[in-house]
Structure formats: structure tokens, C-alpha cells
Amino acid sequence: MTKNEFVEALNKRNIELDDKQLEQFDMYAEYLKEYNENVNLTAITEYEDVLDKHFYDSLLCADRKLEGTLVDVGTGAGFPGVVLKIAFPELRVILMEPLKKRCVFLQSLIEKLGLKDIEVINERGEDHSLNNREKYDYVTARAVSNLNNLIEVCGAMVKKGGYFICLRGNKGHEEIKEADKAIKLMGFEVESMKDEHLFNGDERLISYFKKSSITPLKYPRKYSIIKKNPL
């Protein structure tokens, strides 16, 4: 995916980037490749691949204007959290990542890009959920764990009326069927599911789960229990 193809693809999705935002994406891609030489963050570092498989992929979930506070659980090298912050500067973003070395990268990236109203938290999702219940407008997760476990890890921190946005691969529909019980127990309903494709043809499923009722206090459980006995 070339830079022009990236811009054109986003314009078709009603996402228009100004020169500053495009410069930030260029800086992001360059810094990711440079930093990755010493710290393993991603196997994808070539510019055109980063545009397609990281940046464009992350923005597939932006089928509406995102406002308020968004928490990106297991953000890794900042996908989709940092990408969404660049595209929607007024969005408040919390990047949640359990690995310290990635948090160090994210903090330096934020400073390099000059981003404001964005923070990095070195914590696991289920631990954060226990002390931040029914708090955030959006929670995102991309390629983290399986959906059945993931919605229990993340669900309690979404406020009633808010959304858990899930970015999955070509097995997404199957995962949603398997997670039906967990989705309902955590207080969610499936509002929309949309099949998407990257520029290279890879399949994606973007799902919006709306929080229709408060999550029972017994969830989330400890991760060892979640993993051993999924909902």
C-alpha cells in the first residue's frame, strides 16, 4: 500500500488527514522500524506494509467518529490506539500494555509525535477492570487472546451505553458464535459486524459490542481462571 493508496482508501471511509497527521504517520513508521532493530515490537516494519497491515488495519474500526475516552488493551506497539489518536486528535486515549519494554517505546513515541491527552499504563486488562468498572466510552483490542477470554478481561471497564470494539481476522464470525454466552454475561449485545479487507486482500471482521447492562461484580475473574474455565 503506497502513501497515496493509504490516503485514498481512508478518504473513501470519510477519514481525511491533514499534512500534520500524515507527517505523524510517516514519523511513526520510521521510528517503529528504527526502534525494532533493538527491541522486538513487530515482524512488520517495511513502510508500505506498515501502512496496510498496521495503520489501515487499525482504522478499519473507525466507521463512526470516536469521541470521549478510548482504552486500547494489549496495545503492543500502539495498534490501534496510537493510530486512532492520530486520526482523531480530540479522542482521549489510554494505551494499556503489560510488557514494560513496549511501554517504554510507547512513551517515547508519544513524545516524538507530540501527542497530547494520551497515556500509557503498564497493566493487565483484567487488573485494570477491577478498579475502573463502567468507566470508559470505548475499549479496543486487536489480535489479543481469543474473544471468549477477551470480553471478560475488557468488558467490565466499558460504561453502560459504551462499546467494546473488536478487531479480528478471518475466524472472527466463528469466535463470536463461540463467545455468545460470554458476550451476554458481560452485559453486551452485538450491535454490528462488518467484514473488511486490507489492501493486500487479508480478511478482517470489525465488531461493535454495545454495553446494554452493567457487568456483574464477579467478573472479571483472575486470568488463570479465565484461561482455564472460559465463560
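Select Arg-64 and Tyr-163 in this predicted model: Arg-64 lies over the face of the Tyr-163 ring, 5.1 Å from the ring centre. A second arrangement of this kind is found by selecting Arg-124, which lies over the face of Tyr-223 at 4.7 Å from the ring centre.

**Aromatic pairs**

Next, display the rings of Phe, Tyr and Trp; the structure holds 13 aromatic pairs. Begin with Tyr-28 and Phe-55, a tilted pair with 5.0 Å centre to centre and 40° between the planes. Tyr-28 belongs to helix 2 and Phe-55 to helix 3, so the pair ties together parts that are 27 residues apart in sequence. Tyr-28 and Phe-55 are both buried.

Move then to Phe-164 and Phe-188, whose rings are edge-to-face, at 6.5 Å centre to centre with 65° between the planes. This pair links distant parts of the chain, 24 residues apart: Phe-164 is in strand 5 (residues 158-168) and Phe-188 in strand 6 (residues 188-197). Phe-164 has a relative accessible area of 0% and is buried; Phe-188, at 3%, also counts as buried.

Now extend the selection to Phe-6, Phe-25, Tyr-28, Phe-55 and Phe-79, which ring pairs link into a cluster.

**Nonpolar cores**

Keep Phe-6 and Phe-55 in the selection and add Val-82: these three have the most contacts inside the largest nonpolar core, which has 52 residues. Helix 2 contributes the largest share of this core, with seven residues. Which residues does Val-82 contact, leaving aside its neighbours within four places in sequence? Selecting its surroundings shows Tyr-28, Leu-95, Leu-106, Leu-109, Leu-113, Leu-115 and Ile-118.

Apart from the largest core lies another core, of 28 residues. To locate this other core, select Ile-94, Val-153, Ala-182 and Leu-205, which are among its members.

**Salt bridges**

Turn now to the charged side chains, where a search of the whole structure finds 18 salt bridges. Select Glu-46 and Lys-33, whose side chains meet in a salt bridge at 3.4 Å, N to O. Glu-46 sits in the loop between helix 2 (19-36) and helix 3 (47-59), while Lys-33 is in helix 2, so the pair ties together parts that are 13 residues apart in sequence. Glu-46 is partly exposed at 43% relative accessibility, and Lys-33 is partly exposed at 36%.

The next selection is Arg-92 with Glu-119, a salt bridge of 3.0 Å, N to O. Because Arg-92 lies in strand 2 (residues 92-96) and Glu-119 in strand 3 (residues 118-121), the pair ties together parts that are 27 residues apart in sequence. Arg-92 has a relative accessible area of 28% and is partly exposed; Glu-119 counts as partly exposed at 33%.

Proceed to Glu-152 and Arg-221, whose side chains meet in a salt bridge at 2.8 Å, N to O. This pair links distant parts of the chain, 69 residues apart: Glu-152 is in helix 7 (residues 147-155), and Arg-221 is in the loop between strand 7 (203-211) and helix 10 (223-228). Is Glu-152 buried or exposed? At 0% relative accessibility, Glu-152 counts as buried.

The final selection comprises Arg-13, Lys-194 and Glu-196, which are linked in a network of salt bridges.

Conventions
Residues numbered from 1 in each chain as written. Predicted model: local features only at pLDDT ≥ 70, side-chain atom pairs only at ≥ 80, totals over all residues. Heavy atoms only, no water. Salt bridge = Lys/Arg side-chain N within 4 Å of Asp/Glu carboxyl O. Helix = DSSP H or I, 4+ residues; strand = E, 2+ residues; numbered from the N terminus. Buried < 20%, exposed > 50% of the residue type's maximum accessible area, 1.4 Å probe, protein only. Core = buried A, V, L, I, M, F, W, Y, C linked by side-chain atoms within 4.5 Å. Contact = heavy atoms within 4.5 Å. Phe/Tyr/Trp six-rings, centres within 6.5 Å; stacked < 30°, edge-to-face > 60°. Lys NZ or Arg CZ within 6 Å of the ring centre and 35° of its normal.
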